[in-house]
Amino acid sequence: MQTTKPHAALLASPGMGHFIPVLELGKRLVSEHGFNATVFVVTTDTSLSQSQLLKKSHPIPKLLDIVLLPLVDISTLINPTTGILAQLAIAMRQALPSLRQAISAMKFCPTALIVDIFGTEAFAIAEELNMLKYVFITSTAWFLALTIHLPTLDAKVVEEEHVRNHEALMIPGCSPVRFEDTFEPVLDRNNQMYIEYIRMGFEMPTADGILVNTWQDLEPKTLGALGDKRQLGWVAQAPVYPVGPLVRPVKPGSSSDVLGWLDMQPQQSVVYVSFGSGGTLSAKQTTELAWGLELSEQRFIWVVRPPVEDDAAAAIFKTGHRSDNTPDFLPDGFLTRNQKKGLVVPMWAPQTEILSHPSVVDSCHTVRMNATMLTEDIGVAVRLKSTPPVAVGREEIETTIRQVMEDKGDAIRARAKTLKSSAEKALSKGGSSNNSLSYVANDCEIRLRYIKTKAEGA
């Protein structure tokens with residue numbers, strides 16, 4: 001006999017930045033929309049420990065299970081030049097047999113399969129097992145617009161006008177993408193990252209729905225274009241559901257050395273610097289960032305990672321620490337000089353708790369498209385003028401930090417407070433994001449009733 005609740009199977013690609021939003025989506029389906037849910041996590045040797053840590057340290061609803069799929073080894077399928085997007089796509093492809101086996105072994109087949117952007121090839125499994133299929137974009141609606149629009153363009157024209165001549169890439173009904181803000185895979189159509197990205201853009205419109213980790217008031221123009229058949233609606237084909245912002249909530253009673261340090265700092269006095277679970281800098285940029293933070297004379301928390309290995313400048317650094325425990329890839333004596341106003345955290349920190357702390361003012365981000373939206377469309381950030389591959393100098397970093405902390409700080413904080421209220425409203429009962437997810441839940445319930453009726457008549 002079929003289960004009485006719709007059951008969502010969610011597939012998360014490697015890395016905390018993908019796992020957390022997918023997990024939060026599953027939790028919301030269970031707690032607010034009457035689902036059972038199973039989150040399948042694709043793991044590599046670098047992501048397994050992170051996924052296990054989060055699984056153990058965060059409360060999970062009773063009707064939600066987390067399944068770590070067998071470790072995926074892609075070492076023989078990549079080389080030092082393989083970009084991160086291509087690596088994730090390959091890892092997800094290698095995990096498909098394990099996913100199919102895991103779903104087939106379940107007592108009841110799930111009603112729907114929800115994948116992130118790297119998992120669209122799993123749609124074939126959903127079709128084979130008669131499940132609804134959805135893709136969940138953990139980034140912005142603007143990123144979704146670029147992703148589905150790019151495959152409709154002539155690749156040679158994009159290369160000539162956008163890549164070579166640096167003309168803006170126009171997207172119907174949306175803000176254009178300037179060359180300096182463009183998504184890295186767009187730059188080389190012979191690179192595997194471009195090939196994989198175009199494939200994802202082709203596959204997304206075949207979904208029964210596209211979920212996006214944004215909300216209506218944050219991106220009204222772009223979401224309007226995605227729903228308008230005269231603009232991007234004819235490309236999207238599937239309905240687009242803004243269901244965000246889905247972020248990990250602050251864990252009650254959280255404590256750590258980092259949070260203890262923050263408790264001793266004045267309110268809104270600390271800059272938080274992090275580049276995500278997969279973000280790395282060159283050796284030169286790491287040095288410039290360190291000096292920029294020090295010269296700004298502001299309090300900071302920096303989640304630091306060793307420089308990327310293939311950077312030639314990194315060869316001058318040893319692996320280890322100097323006499324004052326400063327890592328060899330940071331300026332000599334950095335920790336000693338900044339021990340009263342700065343905190344350097346290796347590799348990972350409780351980001352949600354840090355950003356929710358009253359002492360923290362702002363954070364630094366790496367994605368250029370996101371940076372443009374945050375500064376120009378939303379008004380909650382100050383953007384650095386220099387853009388990759390040019391390293392941002394220490395003087396510019398110092399000046400920008402001072403702007404955030406002093407000159408433009410009040411305006412940014414006021415705008416951020418307004419957005420926070422808007423986000424909370426969107427997720428509340430009757431809010432735009434809550435309603436969007438209700439539409440998805442309703443489709444799943446209709447499918448479940450159809451399957452039950454068909455089974456009873458057999």
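**View 1. Ala-9 and Thr-38 face each other where strand 1 meets strand 2.** In this predicted model, Ala-9 stands opposite Thr-38 in strand 2. The two strands, strand 1 (residues 7-12) and strand 2 (residues 36-41), run parallel and are joined by six bridges. Step back a little, and they turn out to belong to an open sheet of seven strands, arranged in the order 3-2-1-4-5-6-7 with parallel pairing. At its edges lie strand 3 (64-68) and strand 7, each of which pairs on one side only. Neighbouring strands of the sheet are turned by 20° against each other on average, direction ignored. Helix 5 (residues 141-149) packs on this sheet and touches strand 5, strand 6 and strand 7. The direction of helix 5 makes about 140° with that of strand 6.

**View 2. Strand 6 is covered on both faces.** Have a look at strand 6 (residues 209-212): Gly-209 and Leu-211 point to one side, Ile-210 and Val-212 to the other, and all of them are buried. Which strands does strand 6 join? Strand 5 (residues 132-137) runs parallel to strand 6 and is linked to it by four bridges; here Tyr-134 stands opposite Gly-209. Strand 7 (residues 240-242) also runs parallel to strand 6, with three bridges between them, and Ile-210 stands opposite Val-240 there.

**View 3. Helix 1 is largely enclosed by the rest of the structure.** How many of the 18 residues of helix 1 are buried? The count is 14, so the helix is largely enclosed. You can check the length of helix 1 (residues 16-33) yourself: at 1.5 Å a residue, its 18 residues should span 26 Å, and the end C-alpha atoms are 25 Å apart, which agrees. Just after the helix comes Gly-34, with a positive phi of about 70°.

**View 4. Glu-121 and Arg-93 form a salt bridge.** The closest N and O atoms of this pair are 2.8 Å apart. Glu-121 sits in the loop between strand 4 (112-116) and helix 4 (123-128), while Arg-93 belongs to helix 3 (residues 84-104), so the pair ties together parts that are 28 residues apart in sequence. Glu-121 is partly exposed, at 23% relative accessibility, and Arg-93 is partly exposed too, at 28%.

**View 5. Arg-199 and Glu-196 meet in a salt bridge within helix 7.** Their side chains come to 2.9 Å, N to O. Why are these two separated by about one helical turn? Because they are three residues apart in helix 7 (residues 192-203). Both Arg-199 and Glu-196 are buried.

**View 6. Arg-230 and Asp-228 pair up, one exposed and the other buried.** The salt bridge between these side chains is 3.1 Å, N to O. Arg-230 has a relative accessible area of 75% and is exposed, whereas Asp-228, at 18%, is buried. Elsewhere, salt bridges that share partners join Arg-93, Glu-121, Glu-196, Arg-199 and Glu-203 into one network. The count of salt bridges comes to 21.

**View 7. Cys-109 is partly exposed, and Cys-444 is buried.** Cys-109 has 31% relative accessibility, while Cys-444 has 1%. How many disulfides does a search of the whole structure find? The result is zero.

Key: Residues numbered from 1 in each chain as written. Predicted model: local features only at pLDDT ≥ 70, side-chain atom pairs only at ≥ 80, totals over all residues. Heavy atoms only, no water. Disulfide = S-S within 2.5 Å. Buried < 20%, exposed > 50% of the residue type's maximum accessible area, 1.4 Å probe, protein only. Salt bridge = Lys/Arg side-chain N within 4 Å of Asp/Glu carboxyl O. Pairing = 2+ DSSP bridges. Expected span 1.5 Å × (residues − 1). Axes fitted to C-alpha atoms, helices over the stretch in contact; angles between N-to-C directions. Contact = heavy atoms within 4.5 Å.
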